[in-house]
Amino acid sequence: MYMNYSPFSQIHTPNTSSYSYLLYPSVQNLRFNSSTTPKPLIILAPYCESDIKAAVICSRKYGLQIRVRSGGHDYEGLSSKSNVSFIIVDLVHFRSITVDVEDRTAWVQAGATIGEVYYKIAEKSRTLGFPAGTCPTVGVGGHFGGGGIGTLVRKYGVAADHVVEAYLLDINGRILNRKSMGESLFWAIRGGSCASFGIILSWKIKLVSVPPKVTVFTPFRNLEQGATKLVQKWQEIADKLHEDLFIRIVIQLGAGRKTIDVLFNSLYLGGVEELLKLMEKSFPELGLMAKDCTEMSWIQSVLYFAGYQKTESLDVLLNRTHQDTDFFKAKSDFVEKPISKIGLEGIWKRFLEEETVYMILDPLGGRMNKILESEIPFPHRKGNLYNIQYIVKWKDEGIQTSEKHIKWIRSLYKYMTPYVTSSPRAAYVNYRDLDLGKNDLANISYSQASSWGKKYFKRNFKRLALVKRQVDPQNFFRNEQSIPPFSAFRHLMTKHICWMVGDGSDIRIWEDPWIPTLSDFKSSPPTNRPRHISRVCDLFVPGSNTWNISLLQTLFTNYEVQAILHIIIPIIPEKDKTLWLKTKNGDFTTKSFYKTVKDALASSLSSALHSSFTWKTLWSIPNCAPKVKMLYGDFSQNDVVFQRIQPSIAAILCEINTLLADYSILHTDGAVGRSDFSYAVVARMLMACLKDVAMHNSSLSALRVQIYYPLEDKGFGPKH
């Protein structure tokens, strides 16, 4: 592979001594720092934007994946590993920070850490701060791109709420700012997993006011000192306290691993005197006293929450390597109702089974209740009492050791099910958890990604997928939990397709739909599913065409087992095949799919768009294949696209191309392809539909001016 780059760029290969030096210290979770972890072909540590552009263009040309690393704190190691050929773009040299005190803003390059951000702000002002996280070695590229919860969350919201501008390098190597990328993309990158949309080069953030003096305190109580009752009380008041007061709970094993310690790790934006009055009124049960409290500057409180002493130099914030690196697994939850005493006691019991484990409960409420779920992709706002982060750590390397601790935290997570949010069970994307689901990198679909996407982003997930389809329709920027391009047709199609079991060799057990009586025709994957069992044929008794009932009972619920046993395996082996459930014989037909689309549109479209679109008009266009007409039907109903008042012809044709690519799944023989349409056909379809839209909605008349008349001048008017 050849890459043009400036003489100051650093390209590191496995044959260079700098490769290991750059790769390993940046991986914060030692689970992904072993000899068996997939390694990048090269690590690019660019000094200028043109080098990153060259990396994107070159990787697209040669079919390589790109992993972009800001600080290396991805909990599942996705910024440093991939199961396909990849390179790492490490932004370690992209860490310039410029603070404008008068404007109360700062420009921060994506490779900077939040510790460096705090340090640079403090250099210029002790009464300005920023509401980001507590771990100073976390990179701002991913942290801001996923939300960013910290000690100021109740006062000011998450970090992404304060991003006012950004520079992003897109799929085509263009550097876009807020104006040129458009508000949809700018919305998506602030809390919506920004690595799915391009490479963030820098953020412009709005700084916030902090008082000259703040107060910190961390009293702790064990079970014998009434910790359970205090946690119960905290749950009732933590989200309702004055927004200047942040009290989070850290739960850990106590002395000798025979009890539980509960730490009330807290920040008050003011002095001790005011704090004690507030605590006496709001949380007297804690018994806080002046001797428990320490007054300091806000920047010193940053050191305090990072585990440093008040007297330490601020220079420690410039360290990029975490001071406590371990093997670990983490998960997350959000809580809307207080956990009962019985629920808490169940947690204590499970904690005493482990060695090094934590639960961190960050209170919400305050400013978070005043920001809409849809303001940015981060949706966890009003109604949430607090966020939970579960962490289990261990020191010894080895598969069996890792599996032991991961099994434990999965068991705790399962136990917590009745006490946390549901439909969906929400999670925080910055505490990434591949147990929630992951993409098949060879065939990423919206419906598959919804298993985890709706947990991170709730109703914002579909909007993120629509933005993804606009800016990266071929899904170049992807990983195991990247946002997929949305396809309404593909989503509708997968809802009505089910595999018929033959020899079972082609059907994936937990990814493919094959159990007719289950929801979505799929079973729920077990948390500890065996790696050697992946295809339906693995569920057969070896050498026969009968189900292995004992194996089924270990992998599925009783209800799922009964559903599987109703599936008849052919006596004479035959290939698995897919059935289209909208026809009696299981064969796909354009007519049946048209009816499916029409029914879905009738039940979901807004009245304005539905009234402006006429299927009869579109269907009557001559010399145009039915599948292409249906294609444009999907396109015309995309309200995100039609909200563009001045789109270019090229942009719209790009959308058409993207959707047409989805049609490759309609026929396994590949009969549907790009050769089935021409510019003239698409133009005529555009003409017919846009004319109809403009007639019914005057606010969209600009579409007609921008597209209709130029096409008409070129002779592409409709001929019916």
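Arg104 is partly exposed, with a relative accessible area of 32%. In this predicted model, Arg104 sits in the loop that joins β5 (97-100) and β6 (105-109). Its phi is near 60 degrees, a positive value in a residue other than glycine.

**Backbone features**

Positive phi angles also occur elsewhere in the chain. Lys458, which is not a glycine, has a positive phi of about 55 degrees, and Lys458 belongs to the loop between α12 and α13. Gly191, placed just after α6, takes a positive phi of about 105 degrees. The table sets out these residues.

| Residue | Phi | Place |
|---|---|---|
| Arg104 | near 60 degrees | loop between β5 (97-100) and β6 (105-109) |
| Lys458 | about 55 degrees | loop between α12 and α13 |
| Gly191 | about 105 degrees | just after α6 |

A further backbone feature is the peptide bond from Ser423 to Pro424, which is cis, with omega near 0 degrees. Pro424 is located in the loop between α11 (399-415) and α12 (446-457).

**Helix α6**

Helix α6 spans residues 178-189 and has 12 residues. Its end C-alpha atoms are only 11 Å apart, short of the 16 Å that a straight helix would reach at 1.5 Å a residue. At the N-terminal end, Asn177 caps α6 through a side-chain oxygen that lies 3.2 Å from the backbone nitrogen of Lys179. The buried residues of α6 are Met181, Leu185, Phe186, Trp187, Ala188 and Ile189. These buried residues pack against α4 (140-146), β8 (163-169), β9 (175-176), β10 (199-206) and α13 (460-471).

**Phe328 in strand β17**

Phe328 is part of strand β17 (residues 327-335). Because its relative accessibility is 10%, Phe328 counts as buried. Leaving aside residues up to four places away in sequence, Phe328 touches Gln28, Asn29, Arg31, Tyr75, Ile391, Val392, Lys393 and Trp394. One of these contacts, Asn29, is 299 residues from Phe328 in sequence, yet the two are 6.3 Å apart in space, C-alpha to C-alpha.

**Cavities**

Rolling a probe the size of a water molecule over the atoms shows where empty space is left. A search of the whole structure finds 10 cavities of 30 Å³ or more. The largest cavity holds about 70 Å³ of space. Its lining consists of Tyr118, Ala132, Gly133, Thr134, Thr151, Trp298, Ser301, Val302 and Phe305. Helix α9 (residues 298-305) provides the largest share of that lining, four residues. By type, the lining of the largest cavity divides into five nonpolar, four polar and no charged residues.

Key
Residues numbered from 1 in each chain as written. Predicted model: local features only at pLDDT ≥ 70, side-chain atom pairs only at ≥ 80, totals over all residues. Heavy atoms only, no water. Helix = DSSP H or I, 4+ residues; strand = E, 2+ residues; numbered from the N terminus. Buried < 20%, exposed > 50% of the residue type's maximum accessible area, 1.4 Å probe, protein only. Contact = heavy atoms within 4.5 Å. Expected span 1.5 Å × (residues − 1). Polar contact = N/O pair within 3.5 Å; in protein donor to acceptor, adjacent residues only side chain to side chain. 1 Å grid on protein atoms, 1.4 Å probe; cavity = no way out; pocket = protein on both sides within 12 Å on 5 of 7 lines; lining within 4 Å. Points joined across faces, edges and corners; volume = space filled by probe spheres on them. Nonpolar A, V, L, I, M, F, W, Y, C, P; charged D, E, K, R; others polar.
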